Amino acid sequence: MIRKNLRLNGFDYSQNGFYFVTICTNFKEPFLSEIVCRVEQPISILTPVGKAVEETIQYIHNNYDGVSVEKYCIMPNHIHLIIALGDACGGHGNPPLRDVIGRLKSFTTKRFREIRHSPHLILWQRDYYEHIIRNDEDYAEKWRYIDENPMKWLITHHKI
């Protein structure tokens, strides 16, 4: 089977800017959280695996030069992130986006295997979706999408 290339041909993904990223769990299994409605506002209750994902996101945000995780949401079977590279977050010499995502996936898979006591489990789908954020309106739209995603989950999964 030939895999479709999801990346924009010829684009330098270490370029300064903002990127909206979605990463899905393997077979879209709900390993990461449960979305529940509390006082009309949905919240994400993280599993131990989801907590490891959140710790990794925060680690990347706090420790990777040239990388800032502006916003994220951990859903049951996927995560959404807005990631800034370079001047957008005060860094110089940006790592390519694929390296940032690769490190996140690698470390969280290692933690997933430790938590589940199984060295061969796969946490993430092979690829991920990314969107290059082009302007302030696009940024605000992606921010809103992340904020509204838990409510969409509840509606889609008939939990409200």
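## Close-up views of a predicted model

From the N terminus on, the protein chain runs β-β-β-α-β-β-α-β-α. Everything below comes from a predicted model.

**View 1. The whole chain, with its three helices and six strands.** Before zooming in, here are some overall numbers. The protein chain has 160 residues, and 44% of them count as buried. About 9400 Å² of the protein chain is exposed, with carbon and sulfur atoms supplying 51% of that area. Take the contacts with a separation of 6 or more: residues 24 or more positions apart account for 65% of them.

**View 2. Strand β5, residues 78–85, is largely enclosed by the rest of the structure.** How many of the eight residues of β5 are buried? Eight of the eight are, so the strand ends up largely enclosed. The burial holds on both faces. On one side sit His78, His80, Ile82 and Ala84, and on the other Ile79, Leu81, Ile83 and Leu85, all of them buried. So two histidines, His78 and His80, share a covered face with Ile82 and Ala84.

**View 3. β5 pairs with β1 and with β4.** With β1 (residues 17–24), β5 pairs in the antiparallel sense over eight bridges. One pair to look for is Gly17, whose bridge partner in β5 is Leu85. The pairing of β5 with β4 (residues 67–74) is antiparallel too, over seven bridges. Here Val69 has Ile83 as its bridge partner in β5. Follow the chain from β4 to β5 and you go through a hairpin of three residues.

**View 4. Strand β6, residues 129–133, pairs with β1.** Which sense does the pairing of β1 and β6 take, and over how many bridges? The two strands run antiparallel, with five bridges between them. Within this pairing, Phe18 stands opposite Ile133 in β6. Four of the five residues of β6 are buried, so this strand, too, is largely enclosed by the rest of the structure. β1 therefore pairs with two largely enclosed strands, β5 and β6.

**View 5. The largest cavity holds about 40 Å³ of space.** Rolling a probe the size of a water molecule over the atoms shows where empty space is left. In this model the count comes to one cavity of 30 Å³ or more. Which residues line the largest cavity? They are Ile57, Ile60, Val69, Leu81, Ile83, Val100, Ile101 and Leu104. By class, that makes eight nonpolar residues in the lining, with no polar and no charged ones. α1 (48–63), β5 and α2 (97–116) each supply at least two lining residues, and the largest share, three residues, comes from α2. Two residues from the earlier views turn up again here: Val69 and Ile83, bridge partners between β4 and β5, are both in the lining.

**View 6. Phe27 and Lys28, in the loop between β1 and β2, have positive phi values.** Most residues other than glycine have a negative phi, and most peptide bonds are trans. Phe27 is not a glycine, yet its phi is positive, at about 55°. Lys28, also a residue other than glycine, has a positive phi near 55°. The loop that holds Phe27 links β1 to β2 (33–38), and Lys28 has its place in the loop between β1 and β2 as well. Is each side chain's residue buried, partly exposed or exposed? Phe27 is exposed, with a relative accessible area of 70%, while Lys28 is partly exposed at 47%.

**View 7. Lys142, in helix α3, counts as buried.** Helix α3 spans residues 136–156, and Lys142 lies in it. Its relative accessibility is 13%, and since buried means under 20%, this lysine makes the cut. What does Lys142 touch, leaving aside its neighbours within four places in sequence? Its contacts are Phe20, Ile82, His131 and Ile133. Two of these appeared above: Ile82 is among the buried residues of β5, and Ile133 is the residue of β6 opposite Phe18.

**View 8. Glu114, in helix α2, and Val49 are 65 residues apart in sequence.** In space, C-alpha to C-alpha, Glu114 and Val49 are 9.7 Å apart. Glu114 lies in α2 and is partly exposed, with a relative accessible area of 37%.

Methods. Residues are numbered from 1 along each chain as its sequence is written. This is a predicted model: local features need pLDDT of at least 70, side-chain atom pairs count only at pLDDT 80 or more; totals for chains, interfaces and linings use all residues. Side-chain values use heavy atoms; hydrogens and water are left out. Buried means under 20% relative accessible area, exposed over 50%, partly exposed in between (1.4 Å probe, protein chains only). Two strands pair if DSSP finds at least two bridges between them. Contact means heavy atoms within 4.5 Å. Accessible areas come from the Shrake-Rupley method with a 1.4 Å probe; for residues, only the protein chains shown count as cover. On a 1 Å grid over the protein atoms alone, a cavity is a set of points where a 1.4 Å probe fits but cannot get out, and a pocket is an open set with protein on both sides within 12 Å along at least five of seven lines; lining residues have an atom within 4 Å of a point. Grid points are joined across faces, edges and corners, and a volume is the space filled by probe spheres set on the points. Ala, Val, Leu, Ile, Met, Phe, Trp, Tyr, Cys and Pro count as nonpolar, Asp, Glu, Lys and Arg as charged, and the others, Gly among them, as polar.
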